[in-house]
Amino acid sequence: TDMKKYISLLLCCAALWLCACGSQKRAAEIPAAVGDTKAAQAVNAEFTTDDGLIKISIHDGNADAIPAAIPVLRVRPKIITSDMARQKAKGLFGEAELYEYSEELSKAEIADMIAVYEYAVTDESIKADHGEDAPQSWIESVRDARLAILEYYRNAYANAREEVTPRACEWKFYPMEHYAVHGFDYAGSDPYYTDAFPAGISVDLRAVTELGGVPYEFWVNNNEREDFCSHSLSVFVLTPDSGGTAEERRAQTREWYMSMGLYSDAAADKSALEAACAKAVALANEMGLGEWRFNAAAADRTDTTGEGWQIDVTGRPVYEGYPVNWQSTAGQDCSPESLTIRMTNSGALIDLQYTSPMEIVEVTEQTAALKTREDMEPLAIQAMQELSCETLIPGYASEREYWDAIGAVITEVRLDINSVCVGYIRVPCGGGDFLLVPSLSFPGKLSVTGSIPGVHESPMELHDRDGDGYNVSLDFDLRYGGRIE
């Protein structure tokens, strides 16, 4: 069978790998540094965990060197205030005017909606939508919901404007209800507005603008809910949606992107990627976001969305000269600080996402002494060799339950690490604050391959992943050498 061939191939590959690399322990050794230990170094290692189930490879030709000391910082999530929102908007759009985002309708449009909902509350309409045999209790619940909308439009009609014209952005935050289709405040006395940021709720500031003829939405969210604290800024092009099939939508998106000058039919070259990173640095500075380090990659969205080739720029914030390393969001109650930007090959903005700004509240250790590379090598390798599926795969218990339910058989677990980074890792320390601790991090791509006998015999990916990015990181505290979990 295909599976037997696949297993045989694995065994052959394993034999070749062992012949080429020697014993597992020896293959795991990271080559010793030559010359200046402060310079970046190559790291190459391949080995299998002690239980024989997980293959780990580490290949980085430019691994970060470990300094003698890095300060330990206490940081706190920072609310994005109205003044901060203004600064960020100016950094992005210059002097372009921003207008309130709203679902406001004119008097004539509201009259049309009243007529629509006067029919929508009838038995004939509800049964047409939900079936002639729909239970009466269900019909009444649908009717109640539609009556509430009808009442909303009837009240709105008295205060609606004959002609809707844009309103300048007021730089106010509202709960999300304010921006709902049936939430616009026609009476001008919106009960949802708040000057403050009360704990326990999520508030938004939304606006629209144009830059170079391209329409954008500017959306700030401060989420102060007890179970999840996050503050973010999103900016994105307002692509028209004409409906239709997925193929028709892609064609419409492609045509619109071309008309806006946002479409590229080829991958960006090296110079364009470098220019994108330079532009991201300038944008971050103009928006008042501080220092960041960026990476850029070409991304093809021609077949998925119709948007063509774009440049994806990802950033890591820098504190005290050191970046905050990539960290999985699994199990986190606050998103990590991040900045991602999508651009055209020529550098025009498509969208931007800035998440969880932080502010330093205390330097807890000014010069925390760090272990050397020679100290960390055996500690990191030993910890990796002691890994199991339970301690490596995020959400393993639920994943295992699902695999068992569908009859999946795991044939290979691989972790491919292509970066060895020195920087900070965020660790909760109580009261909603975090410590940024010096870390030696090994971000990688985890792959769980298997089959479903009798259903899908050929190897398939069993572990959900978000694209081709990192989905696991092994992080070690450089002060003590232990793994940060």
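Guide: A residue is called buried when its relative accessible area is under 20%. Keep that in mind as we look around this predicted model.

Visitor: Is Cys421 buried or exposed, and why?

Guide: Cys421 has a relative accessible area of 9%, and because the cut-off is under 20%, Cys421 counts as buried. Try Cys277 the same way: with 17%, Cys277 is buried too, because that value is also under 20%.

Visitor: How many disulfides does the structure hold?

Guide: Zero disulfides turn up here.

Visitor: What share of the chain counts as buried?

Guide: The chain has 485 residues, and 43% of them are buried. As for the outside, about 24500 Å² is exposed, with carbon and sulfur atoms supplying 52% of that area.

Visitor: Where should I be careful when reading the coordinates?

Guide: Where pLDDT is low, predicted coordinates shouldn't be read in detail. The chain averages a pLDDT of 85, and 86% of the residues score at least 70. Over residues 1–37, though, the pLDDT is below 50. That stretch still has 44 contacts in the model beyond near neighbours in sequence.

Visitor: Which helices and strands make up the chain, in number?

Guide: You'll find eleven helices and 20 strands. Among contacts with a separation of 6 or more, 67% join residues 24 or more positions apart.

Visitor: How many cavities of 30 Å³ or more are there?

Guide: The count is two. The second largest has a volume of about 70 Å³. Its lining residues include Val75, Pro317, Tyr319, Met358, Arg426 and Leu436.

Key. Residues numbered from 1 in each chain as written. Predicted model: local features only at pLDDT ≥ 70, side-chain atom pairs only at ≥ 80, totals over all residues. Heavy atoms only, no water. pLDDT = per-residue confidence, 0-100. Contact = heavy atoms within 4.5 Å. Helix = DSSP H or I, 4+ residues; strand = E, 2+ residues; numbered from the N terminus. Buried < 20%, exposed > 50% of the residue type's maximum accessible area, 1.4 Å probe, protein only. Areas by Shrake-Rupley, 256 points an atom, 1.4 Å probe, with all protein chains shown as cover. Disulfide = S-S within 2.5 Å. 1 Å grid on protein atoms, 1.4 Å probe; cavity = no way out; pocket = protein on both sides within 12 Å on 5 of 7 lines; lining within 4 Å. Points joined across faces, edges and corners; volume = space filled by probe spheres on them.
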